[in-house]
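Student: I am new to this structure and would like a close look at a single part of it. Please take one residue, say where it sits, and then connect it to the rest of the chain.

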Amino acid sequence: YQDEKLLLSSEFSLNDTEAYSKKYEDSYFSFKLDQDKVSGHIKFLGNEINSKFEYFFNDKQKSIVNLQIKSNDINKSLAIINGYDSLNGGFSGEIDYNFQLGFYPSSKKIEDFKSHIKKLELNRDKINVKYRQRNPEIEVKNGKIKNWNVNVKGRGFYLISSASGDLLREYTSESFLKIDASVLELFNQIFTSVSGNIRAKVSYENSSNKKDNLEAFITSNNLSFNTKILPTTVSNTNLLLSFKNKVLNVEKLKAKLTSGDMSLNGTVNFSNLIPIINIDYHFKNAGLVLKKKSNLVFTADGSLIGSKFPYTLAGDFQIEKLNILNEITDFSGTGRGIDTSDIDFLPGKSARTQNQNLNFNLNISTRDPIYIRNSLADVGFVGNVQVLGGERDPRLNGSLTLASRNNKVTFKNNEFLFSKGDILWNEVESYKNPEVDFNASSNINDYKINVAV
């Protein structure tokens with residue numbers, strides 16, 4: 001305290017910063033707080049990012065933000081971002097950029113604004129940009145747009161933006177972006193390969209006659225990618241997304257999978273704190289690889305809808321083909337087999353987990369038998385099952401029955417043929433504890449052995 005006024009200041013630094021065996025300059029942060037304002041100074045990685053700001057709690061003075069980004073090795077600078085792959089084909093190039101902002105907190109509108117890309121060089125496979133500009137691309141003084149002309153172009157990339165009017169009263173702006181989608185490969189923890197182009201258009205209009213009007217479009221007609229998240233490739237994506245009046249409209253999203261295809265359409269309304277979702281999905285003969293050996297082909301039509309959590313995920317799934325070829329040990333996290341921690345028989349009628357994101361209402365049926373073929377079993381099942389509950393407490397209701405074929409298991413080199421086999425689920429019980437009814441027999445040393453479970 002000084003003269004009965006609160007004064008607070010803080011300083012700290014980051015030293016010996018290192019990422020991917022690359023060393024960086026030290027970083028410095030300082031903040032000050034008093035009765036009138038909060039201010040600070042940030043020097044990140046030496047002077048690569050240098051920013052000063054002052055935020056006043058009243059309108060006696062204009063709040064300001066100054067930012068400078070200057071790096072002669074973009075790849076090294078980006079390497080500190082978690083997931084960015086700087087070792088395998090990252091960006092090369094450099095950047096020199098200045099940004100200044102002035103505003104009064106009460107108006108929540110920009111008074112002064114200056115943006116200047118002095119130098120930008122980006123190089124990576126299908127992207128090559130070399131840009132220099134002596135004068136700021138954007139200049140706004142006391143709300144009036146004196147200049148707004150951004151025109152950065154190169155191979156596999158362009159950014160074009162223009163605006164006119166008065167930021168305090170009426171103005172319009174329009175921006176266009178195109179980028180080669182292979183840039184997503186830089187974040188290889190998600191994407192393993194990406195090709196195609198992504199285009200975007202953003203328009204904004206502010207006038208006294210209407211509310212602020214933001215409209216945006218994102219399109220692509222040749223996007224293809226592999227991702228660690230999905231067990232299928234996605235190719236020939238035809239995409240059209242629009243955003244207007246706080247509503248994201250998936251007008252078109254069609255894509256080819258490893259086999260088969262999929263499509264999405266619908267809306268997400270962001271007018272409220274919790275989005276209102278109304279999305280339809282369609283899969284036709286969609287093929288997935290499971291656990292590297294097994295394969296699934298299915299057709300489905302359904303929706304994701306709701307105005308609050310939990311949203312309802314509903315649909316009808318028909319299993320065209322499901323071949324489970326993995327050994328039992330493949331489904332254990334350790335690979336050494338299944339121990340008691342993998343077998344969890346929960347008590348029936350246990351309390352359902354609350355605060356879930358999804359409510360399931362899925363109907364699953366088999367067109368052809370589900371086959372399990374490995375060193376222990378050669379069996380097929382047909383049936384219908386409902387998936388209910390939520391993602392934290394899924395419930396099953398329905399049954400699977402042995403298909404009309406020779407179904408057998410091998411135990412200690414002896415084959416047991418099934419004469420009967422049913423698995424029944426009741427939504428009240430845990431899906432991990434179904435009712436089973438199996439009969440099997442085998443001839444061992446002139447004895448006929450019958451087993452019932």
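Tutor: The residue to start from is Thr237, which lies in strand β18, a strand made of residues 234-244. The model is a predicted one, and every value below is computed from it.

Is Thr237 buried or exposed? Its relative accessibility is 5%, and buried means under 20%, so Thr237 counts as buried. Leaving out residues up to four places away in sequence, Thr237 touches Ser220, Asn221, Asn222, Leu223, Leu253, Lys254 and Ala255. One of these, Leu223, is 14 residues from Thr237 in sequence, and the two C-alpha atoms are 4.9 Å apart in space.

A residue in another strand can be read in the same manner. Gly40 is found in strand β5, residues 37-44. With a relative accessible area of 11%, under the 20% limit, Gly40 is therefore buried. Not counting residues up to four places away, Gly40 touches Ser30, Phe31, Ser51, Lys52 and Phe53. Gly40 and Phe53 are 13 residues apart in sequence, with 5.5 Å between their C-alpha atoms.

Phe31 also appears in the surroundings of Ser9, a residue of strand β1 (residues 8-14). Apart from neighbours within four places in sequence, Ser9 is in contact with Phe31 and Lys32. Ser9 has a relative accessible area of 57%, and exposed means over 50%, so Ser9 is exposed. The C-alpha atoms of Ser9 and Tyr281 are separated by 54 Å, and these two residues are 272 apart along the chain.

Before β1 comes the segment that holds Leu6. At 39% relative accessibility, Leu6 counts as partly exposed. Leu6 and Asp34 are 28 residues apart in sequence, and their C-alpha atoms are 5.8 Å apart.

Some loops need a separate look, on account of their backbone geometry. Most residues other than glycine have a negative phi, and most peptide bonds are trans. In the loop between β21 (276-290) and β22 lies Lys291. Phi of Lys291 is near 55°, a positive value, and Lys291 is not a glycine. Lys291 is partly exposed, with a relative accessible area of 48%. Lys292 lies in the loop between β21 and β22 too, and Lys292 has a positive phi of about 70° although it is not a glycine. The relative accessible area of Lys292 is 84%, so Lys292 is exposed.

The loop between β22 (294-306) and β23 (311-324) contains Pro310. A cis peptide bond joins Phe309 and Pro310, with omega about -5°.

The next step is the nonpolar interior. The largest nonpolar core has 39 residues, and those with the most contacts inside it are Phe298, Leu362 and Phe381. Phe381 touches Thr366, Pro369, Ile370, Ile372, Leu400, Thr401, Leu402, Ala403, Ile423 and Phe438, residues up to four places away in sequence being left out. Apart from the largest core lies another one, of 28 residues, among them Ile117, Leu122, Phe157 and Tyr204.

These parts belong to a chain with one helix and 31 strands. The chain has 453 residues, and buried residues make up 36% of them. Thr237 and Gly40 are two of the buried residues. Among contacts between residues at least 6 apart in sequence, 43% join residues at least 24 apart.

As for overall form, the C-alpha trace spans about 100 × 55 × 55 Å along its principal axes. The radius of gyration of the chain is 30 Å, whereas a compact globule of 453 residues would have one near 22 Å. The accessible surface comes to about 27200 Å², and 52% of it belongs to carbon and sulfur atoms. The chain carries 57 positive and 52 negative charges, whose mean positions are 5 Å apart.

To return to the starting point, Thr237 is a buried residue of strand β18, and its contacts include Ser220 and Ala255.

Technical notes. Residues are numbered from 1 along each chain as its sequence is written. This is a predicted model: local features need pLDDT of at least 70, side-chain atom pairs count only at pLDDT 80 or more; totals for chains, interfaces and linings use all residues. Side-chain values use heavy atoms; hydrogens and water are left out. A nonpolar core is a set of buried Ala, Val, Leu, Ile, Met, Phe, Trp, Tyr and Cys residues joined through side-chain atoms within 4.5 Å. Buried means under 20% relative accessible area, exposed over 50%, partly exposed in between (1.4 Å probe, protein chains only). Contact means heavy atoms within 4.5 Å. Helices (H or I, at least four residues) and strands (E, at least two) are DSSP runs, numbered from the N terminus. The radius of gyration is taken over C-alpha atoms; the globule rule is 2.2 Å times the number of residues to the power 0.38. Accessible areas come from the Shrake-Rupley method with a 1.4 Å probe; for residues, only the protein chains shown count as cover. Lys and Arg count as positive and Asp and Glu as negative; His and the chain ends are not counted. The place of a charge is taken as NZ of Lys, CZ of Arg, CG of Asp or CD of Glu.
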